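Grab a pencil and have a look at the protein below. We'll work through a few exercises on how its pieces fit together.

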Amino acid sequence: MKQLSPNFDLVETPKLLRIWVWIQIWAHVICGVCTLSFAFPFLDRRNKDRKIQRWSKRLLNIFHIELVVQGAHLLENTPHLIASNHISWLDIHVINTFEPIRFVAKSEVEGWPVFGWMAKQLGTVFIRRDSARHARQVVSQMVEVLNTESICIFPEGTSTTGDSVLPFKPNLFESAIAAKVPVYPLVIKYLSKATGTQSESPAFIGDMGLLESMSNVITNRNLVAQITVLPASPKGQVSIMDRKQLANYCQECIANAL
């Protein structure tokens, strides 16, 4: 496993400012828990999405992360599947700031304190990566969701430092074939404002804990999160492509973009 450099960016956030950021984060999380507990049960899907987008945008602001989106015009205003590379727990909030969407996440996320509960309330579908039988059940759930809503998956099955993409696991692409929806590859990059180059501070890899990863992002602020939407799998071809072909198409598109 690649080790992260101890100095991700050129200037570290001063200690007092780091403490203030932590206070803002936990206050924001508490507000999110209250919204999910007391407001969400009474909201329709559209207003839920607005709340999700607003909360995610505020979280990026607290971390001082600027969002840049390229290729947004390519997305159709109908249910679709997004296949993204995976770097960090931040990916979900970056994507939700751009377009509120349902996610498929590894089952370990469900056990995270507070954040796991929040993910569950937001309709995240959890998958046990080591169980083929459970993957088939998740695909069935995804097909139902894709009838009315879009879904984002991270087919690498794990997170990376972001300088390359791992082979995509094809199982979950079966849902797009069954639901007859387009599949869009999506590239996420985190760049340092100080250097303009890739920053590894958001990378959530190996045995790193969530709080440790959050601390890395706080210590090395001034990031740009760049999302690039790539052309969907050839129109009209999803129904005649198998899941492996779809996975390979998305993987190659993202690898070329990286």
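Here come four exercises, each with a worked solution.

Before you start: this is a predicted model, where local features need pLDDT of at least 70, side-chain atom pairs count only at pLDDT 80 or more, and totals for chains, interfaces and linings use all residues. Residues are numbered from 1 along each chain as its sequence is written, and side-chain values use heavy atoms, with hydrogens and water left out.

**Exercise 1.** Count the helices and strands, then judge how compact the protein is.

*Solution.* Step one: you should find 8 helices and 7 strands. (Helices, H or I with at least four residues, and strands, E with at least two, are DSSP runs numbered from the N terminus.) Step two: the radius of gyration, taken over C-alpha atoms, is 18 Å, close to the 18 Å from the globule rule for 258 residues, so the protein is as compact as a globular protein of that length. That rule is 2.2 Å times the number of residues to the power 0.38. Step three: 50% of the 258 residues are buried, meaning under 20% relative accessible area with a 1.4 Å probe, protein chains only.

**Exercise 2.** Work out the strand order of the sheet and find its edges.

*Solution.* Start with the order: β1-β7-β6-β2-β5-β3-β4, an open sheet with mixed pairing. (Two strands pair if DSSP finds at least two bridges between them.) Next, the edges are β1 (65-70) and β4 (125-127), each pairing on one side only. Now zoom in on one pair: β2 (residues 81-84) and β5 (residues 151-153) run parallel and are joined by 3 bridges. There, L81 has I151 of β5 as its bridge partner.

**Exercise 3.** Find which strands helix α3 lies across.

*Solution.* Take α3 (residues 90-98) and list its strands: β1, β2, β3 (102-106), β5, β6 (183-192) and β7 (223-229). Then check its direction, which is about 110° to β6. (Axes are lines fitted to C-alpha atoms, for helices over the stretch in contact, and angles run from 0 to 180 degrees between N-to-C directions.) Lastly, helix α8 (residues 243-257) packs on the sheet too, touching β2 and β6 at about 30° to β6.

**Exercise 4.** Describe how α1 and α2 pack.

*Solution.* First, α1 (residues 15-39) and α2 (residues 45-62) have axes 10 Å apart, at an angle of about 170°. That makes α1 roughly antiparallel to α2, a label for angles over 145 degrees. Finally, the contact (heavy atoms within 4.5 Å) involves residues including V21 and I25 of α1 and W55 and L59 of α2.

Note on methods:
Angles under 35 degrees count as roughly parallel, over 145 as roughly antiparallel, 65 to 115 as roughly perpendicular and the rest as oblique.
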